[in-house]
Every structure is written in C-alpha cells, then in structure tokens.
Amino acid sequence: MARKTRSEQLGDFQHKLDLSRRWRDQEGYDNLWRRLIDLYRGKHWPLTTTAQRDLIAVNLAFSTINVIAPSVSVNHPKITVKANHPNEEDQAAFVEAVINHLWRHHDFRKPFRRSVKDFLIFGHGWLKVGWRFIEQERSLGDGEREEIYDTAVGEADMFAVENPAMAGELPTNEEIAANLPTTEMTVVEDQPFVERVSPFDMFVDPEATCMEDLTWIAQRVIRPLEEAKEDRRYSPSIRRGLTANANINPMYSDGYYEDSKDEFVSDDRVVIWEYYDIPANTMSVFADNGEGFLVSPTPMPYAFGQPFVMLRNYDVPELFYPVGDIEPIESLQLELDKTRSQLMNDRKRYARKYLYHERSFGPEGREALESDEDGRLVPVVDENKPLSEVVVPMPQVPISNDIYAYSNIIEEDINTVSGVSEYARGAMPEIRRTATEASIIADAQNARAADKLAIVEISIGHVARRVLQLIQEFMTGEAMARVALKGGESLYVPYTREEVLGEYDFSVEGGSTQPINDTIRKQQAVSLMNAVAPFVGTVIDPAALAMHILEEGFDIKDPAKFLIQQPATPQEQEIAGEVPAPPQGDVPMPQGVGPEMAMGPMTPEGGSFAPTGGVPPELLLQLQNQMGLELPNL
C-alpha cells in the first residue's frame with residue numbers, strides 16, 4: 001500500500017473530524033449537554049415564555065448534583081503506591097510522598113473537581129495530563145551584561161596566556177562588548193500539569209464504544225490569532241497563512257443561538273486541532289481552515305500515549321458517551337416546574353369577586369364597597385330590591401387537592417430515579433420512618449455513592465500514574481518534595497529523576513476524598529477500642545493502638561506526647577551502652593510502695609506494660625467524659 005502524502009493525511013484527518021461532528025449532531029449530544037447545563041443552573045423555561053406569566057423552577061437537578069459531588073471529591077486524596085519489585089519497596093514509599101506532594105502543591109484537585117462536576121452533569125468528564133515547558137525571553141540589565149562581559153574577557157585573557165600563538169586571532173574587548181546579548185531565554189514553567197477539558201472540545205471516533213477501542217481522539221483549542229502566528233513550534237509557512245474563524249465560546253457554535261450567531265463571531269481567534277492517531281502512535285496539529293500541518297505527524301510525545309483520561313458515569317451498552325445523573329430526571333424536573341407554576345397561577349386567580357347592581361349604589365356606596373376597611377357601612381340607593389339580590393359573591397372554582405399531591409408524587413419519582421433521598425438533601429420527610437427504614441434508605445444511597453467514589457478513586461490513580469511517568473521521562477535537575485511526619489511536622493527532601501524510576505501500582509485510600517464527619521470518626525474510634533479490647537496487651541500493642549485512636553479518631557497531630565515513656569529494658573540499655581552498675585547491698589523501698597510496685601507493674605505475660613496497657617488513666621478518663629461512653633480498661 002502506497003504511503004499517504006502529508007496533504008492526503010490532512011484530508012483524512014479533517015474528514016474524520018467532520019464525520020464525528022455530524023455523528024454528534026445526529027445523536028443530539030451537543031444539544032443534550034446544553035440542556036443539561038441549563039437544567040443545572042435553573043434555566044428551565046424558554047425565554048419566550050417568561051414574560052407571559054409567573055414561572056417557578058424547583059431546581060432539584062441542582063440539589064442532586066451538589067449532594068453527590070461533595071461526597072466523592074471534596075478533599076485531597078491520599079494516594080498509595082505499591083512497588084512491583086521487592087527491591088523497590090522503600091523507594092515506593094518515597095514515590096508515594098512525592099505524588100501526594102505534587103497533587104497538593106500544583107493543586108490538581110481544582111481541575112479534577114471541575115471534571116467531576118462534568119462527570120455528574122454530562123455523564124463524562126475529561127482530564128488532560130501532560131508536561132508543560134515554557135520559555136520566555138527577557139531583557140538583560142546593565143549589571144548582567146557587565147558580568148557577561150567580564151566573564152568573556154577573563155576567558156579570552158586566559159586562553160591567550162595558554163595559547164600565545166593564537167592570541168592575535170582572539171576578539172578585542174570592543175568586539176566582545178559589541179556582541180554581548182541583550183536578551184536571554186528563561187524557563188517559566190517546567191513541570192507536569194493536569195487540566196480539565198470541556199466535553200464540547202473533545203471529539204472521538206464515532207465507531208468507538210469505550211476508551212480502549214478508540215482509533216483516534218482530537219481536542220479543539222481556540223487560540224488568539226496573533227499568538228498562534230508567533231508560536232515557534234508551528235511550521236513558519238503554515239502559521240503565517242492562518243485566518244480567524246472561531247467563535248467566542250464553543251457553545252455558541254453549531255447554531256446554539258440561531259438569531260444572534262453573528263454577534264459571537266470573533267475576528268481575532270483561530271481553531272486549532274490536536275489530533276492523536278492511536279494505532280500509528282502519532283500526534284499532529286493543524287488549523288480548522290489551514291492548508292497544511294502546523295505540526296506534522298510525529299511520534300507521541302508521552303510514553304503512555306494519548307494524554308486524556310475520561311471519567312465515565314453510567315455506561316450504556318454499545319454507546320461511547322455514558323449517562324449522567326440529571327439526564328434521567330430531565331422530564332420529571334420540567335413536569336415539576338409546570339405543576340408548581342400552575343399552582344401559583346391558580347392561587348393568583350383565586351380572589352374573591354362580587355356581583356352588584358350598579359344603579360343600586362351611589363358614588364359613596366361604591367367607594368365603601370371597594371374599601372378594605374373592616375366594619376364600613378355601605379349605603380344602598382335602590383330600596384325596592386332585597387339586599388340578597390343587590391350584591392352576591394361571584395362563584396369560584398376551587399383548586400383541586402390532587403394538584404398538590406401530584407407535585408409530591410413527582411418529587412418522590414425524582415428521588416427514586418436519582419437515588420438521592422430527602423435525608424441526603426437535608427430535608428425532613430413528611431412521613432415518619434423508623435430507624436430501620438431510614439437505615440435501609442441510607443444503605444441504598446451509599447451503594448450508589450460507593451460506585452461513584454470508586455470511579456473517582458480509580459481515575460485519580462490513573463492520573464497519578466501518568467504524572468509519575470512524565471517525571472520519569474522529562475524531569476531534569478533537582479526538585480523538592482514535602483514529606484509529612486508523625487506529629488504534623490514536614491520534612492523537605494530533594495530528589496532527582498533517578499530516585500523515582502521504577503514500575504509501581506497506584507491506588508487511593510478508600511474514602512480519603514470524602515468529607516470528614518467528626519462524630520462518625522470518633523464513634524468508629526471508640527468502636528475499634530471496644531472490638532480489640534480483649535487482645536490489647538497480648539497480640540496488640542496498646543501504645544500503638546492509643547496513638548492510632550488519638551490520631552485517626554480525634555485528629556491529634558502528635559499523639560506520642562500523651563503516652564507515658566516507658567523505661568528502657570536492660571537489653572536496650574546494653575545496646576545503647578548505658579548499662580547501670582548493679583546495686584550493692586539492700587536497696588530500701590520507698591515508704592508505701594510494696595514489692596510488686598517496686599519491681600514494676602507486670603502483666604500476666606510478664607511484660608513491662610501496666611494494666612492500663614501504657615495508656616495514661618487520665619487520658620482514658622478524658623475520653624470517657626468526652627464520648628459519654630464506658631471505655632474498656634486498656
């Protein structure tokens with residue numbers, strides 16, 4: 001098969017992008033995503049209907065997303081690293097500290113949380129993981145130029161001394177001064193990055209059903225025209241011919257605002273495509289209206305291939321794009337808005353009206369009849385008619401109670417479909433439920449939340465793996481990592497690329513991204529103490545248990561300061577070289593101290609821990625008073 005020319009390759013890539021655009025248009029994905037955005041922000045009614053009557057939007061879609069999102073991505077994750085080779089276990093512990101430091105230092109949580117919001121609303125979210133190297137040209141000051149001049153003159157003089165025969169060929173001081181540089185390139189950024197990419201800007205192979213069977217993937221990037229023309233990474237002949245063709249926002253394209261589309265056209269932006277050919281393992285860059293490649297197809301810049309990580313919500317068989325959390329409740333949300341709006345408009349029409357004979361009342365009588373004063377007398381002019389015929393109330397059609405019940409039914413349907421109960425929304429249910437019923441509801445909701453939490457944690461592991469691979473591939477020089485020590489202190493450790501080489505498995509400690517509930521955490525700590533009480537002093541180290549309870553259950557940064565420091569054993573003193581001299585003669589006992597206490601507290605096993613297991617009695621008393629529970633005797 002003949003090899004394709006550059007022009008043929010460009011035409012093939014552009015044709016595939018056009019097919020992907022038409023596929024998304026036919027399936028209605030872009031319109032669906034725009035509707036979901038409007039549903040989330042409370043824009044549920046068309047603009048043409050808002051001026052006709054009062055409308056209400058009971059935005060349960062907003063409530064649903066903002067109940068789920070904080071429960072899966074509110075905190076920094078605790079990433080754990082396991083070595084794949086027994087000789088790299090110590091190195092894996094350091095890699096774990098480096099990855100957690102980078103996640104916090106570069107604030108990868110911010111783009112990740114934005115992607116999680118996409119993941120819940122659209123059904124999928126995109127993250128791009130790569131390495132950013134930016135150089136910037138800056139002008140040199142007079143002092144810097146003098147230093148360069150002195151260095152160059154000194155090197156020339158030394159060369160002339162060492163090579164007298166070539167002294168005449170060296171430049172003079174005036175020539176050195178004339179050729180001094182006025183600017184220099186400085187590195188502004190040289191580090192890994194994680195950024196959120198809009199779903200509207202990502203285009204994929206229409207025949208794919210998941211990330212594993214993609215043949216190509218492309219990202220749309222909108223750049224200022226002048227910036228793109230000056231980018232030295234692009235081909236000079238192609239970038240000089242670029243023309244503006246982009247809108248202000250990708251959402252405004254494809255007829256989103258049909259009547260005012262021309263108002264959003266920008267005359268100084270250009271659409272750039274980053275196209276990744278996965279089978280060929282190449283990456284190329286070209287403009288939407290360009291005549292050639294800005295960057296010709298070159299091998300993938302990253303060892304792991306294409307740089308995108310996709311968060312997938314509810315997968316649909318044989319379809320690439322999953323379903324989000326508010327798409328299934330879209331029709332119910334709109335129906336709830338219509339029901340509430342009808343209720344409000346019916347209440348407005350339900351106003352008391354009266355029918356009266358106009359000739360039966362004079363001006364004073366009509367004014368008194370229309371007055372809102374209580375006890376006002378209304379004079380009647382026509383005395384020949386009975387008062388019951390002069391003024392009669394106008395009949396009113398009452399509002400059916402079924403309308404109110406229908407609104408409640410819709411809300412229950414939304415809770416059933418979304419899996420978010422009224423308890424999770426912070427509302428008290430109208431029906432009183434037993435503790436068992438409430439527990440069953442909470443368990444069903446926690447099952448869905450656990451599924452989403454697992455997706456989030458797996459995605460964090462993928463991102464962390466790619467960040468480490470980028471460091472192993474592109475890092476130069478030395479960097480600094482902050483390692484957290486026991487007691488809340490930090491240790492800053494320098495490292496180089498060679499110190500993080502290796503193959504590792506990445507995972508996230510379960511629940512580390514969830515919000516911390518202090519009450520539940522303390523209850524779990526007390527439950528742990530009650531569960532392991534029979535084993536303390538035999539198979540469980542009481543001091544280690546106490547430190548764990550204080551640190552994890554009560555968030556005490558330095559729990560070691562609460563523990564009694566046990567005296568060193570003779571063996572430990574001998575190792576340290578501090579063996580005391582044996583006592584000579586009888587050693588008097590302190591008054592009131594028995595032989596058992598003088599020998600030290602002994603456990604049934606003959607250990608050196610007291611019956612409290614090394615935990616101070618005053619600390620146990622404090623925990624009992626704080627929790628209101630009877631703790632075991634540790």
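Reader: In this predicted model, is E318 buried or exposed, and how does one read that from its relative accessible area?

Author: The general idea is that a residue counts as exposed when its relative accessible area is over 50%. In this predicted model, E318 is exposed because its relative accessible area is 68%. The residue sits in the loop between β9 (308-312) and α10 (330-349), and its phi is near 70°, which is a positive value in a residue other than glycine.

Reader: Where is N281 found, and what are its phi and its relative accessible area?

Author: N281 belongs to the loop between β6 and β7, and its phi, near 55°, is again a positive value in a residue other than glycine. Its relative accessible area is 40%, so N281 is partly exposed, given that the partly exposed class lies between the 20% and 50% limits.

Reader: Which residues are in contact with A208, leaving aside its neighbours within four places in sequence?

Author: Here the general idea is to set aside the sequence neighbours and list what remains, and for A208 that list is D213, L214 and F320. A208 lies in the loop between β4 (202-204) and β5, and it counts as buried because its relative accessibility is 3%. The partner F320 is 112 residues away along the chain, yet the two C-alpha atoms are separated by 6.1 Å.

Reader: How is E195 placed in its strand, and what does E195 touch beyond its sequence neighbours?

Author: E195 lies in strand β3, and with a relative accessible area of 25% it is partly exposed. Once the neighbours within four places are left aside, E195 is in contact with P111, W126, L127, K128 and R132. For one of these, K128, the separation is 67 residues in sequence and 5.3 Å in space, taken from C-alpha to C-alpha.

Reader: Is E457 buried or exposed, and which residues does E457 touch?

Author: E457 is buried, because its relative accessible area is 13%, which falls under the 20% limit. The residue is part of helix α14 (residues 435-474), and, not counting residues up to four places away in sequence, it touches V508, E509, G510, G511 and S512. The C-alpha atoms of E457 and V508 are 5.6 Å apart, although their positions lie 51 residues apart in sequence.

Reader: What share of the contacts in the whole protein chain joins residues at least 24 apart?

Author: Among contacts between residues at least 6 apart in sequence, the share that joins residues at least 24 apart is 70%. The protein chain has 634 residues, of which 36% are buried, and it contains 19 helices and 14 strands. Its accessible surface comes to about 38100 Å², with 52% of that belonging to carbon and sulfur atoms.

Reader: How does the reach of helix α4 compare with the expected value, and which of its residues are buried?

Author: The general idea is to take the span from the first C-alpha to the last and set it beside the span expected at 1.5 Å a residue. Helix α4 (residues 89-105) has 17 residues and reaches 24 Å, close to the 24 Å expected. Its buried residues are A92, F94, V95, A97, V98, I99, N100, H101, L102 and W103, and just after the helix D107 takes a positive phi of about 55°.

Reader: What do the same readings give for α2?

Author: Helix α2 (residues 29-41), with 13 residues, reaches 19 Å, close to the 18 Å expected at 1.5 Å a residue. Its buried residues include the aromatic-lettered Y29, W33 and Y40, together with D30, R34 and D38. Just after α2, G42 takes a positive phi of about 90°.

Reader: What is the volume of the second largest pocket, and which residues lie nearest its centre?

Author: The second largest pocket has a volume of about 1300 Å³. Its lining consists of 30 residues, and those nearest its centre are F133, I134, R223, D231 and R233. The elements that give two or more residues to this lining are β2 (124-139), β3 (183-197), β5 (216-224), α8 (225-230), β6 (269-277) and β7 (282-287).

Reader: Which element gives the most to that lining, and how does the lining divide by class?

Author: The strand β2 gives the most, with eight residues. By class, the lining of the second largest pocket holds 16 nonpolar, two polar and twelve charged residues.

Conventions. Residues numbered from 1 in each chain as written. Predicted model: local features only at pLDDT ≥ 70, side-chain atom pairs only at ≥ 80, totals over all residues. Heavy atoms only, no water. Helix = DSSP H or I, 4+ residues; strand = E, 2+ residues; numbered from the N terminus. Buried < 20%, exposed > 50% of the residue type's maximum accessible area, 1.4 Å probe, protein only. Contact = heavy atoms within 4.5 Å. Areas by Shrake-Rupley, 256 points an atom, 1.4 Å probe, with all protein chains shown as cover. 1 Å grid on protein atoms, 1.4 Å probe; cavity = no way out; pocket = protein on both sides within 12 Å on 5 of 7 lines; lining within 4 Å. Points joined across faces, edges and corners; volume = space filled by probe spheres on them. Nonpolar A, V, L, I, M, F, W, Y, C, P; charged D, E, K, R; others polar. Expected span 1.5 Å × (residues − 1).
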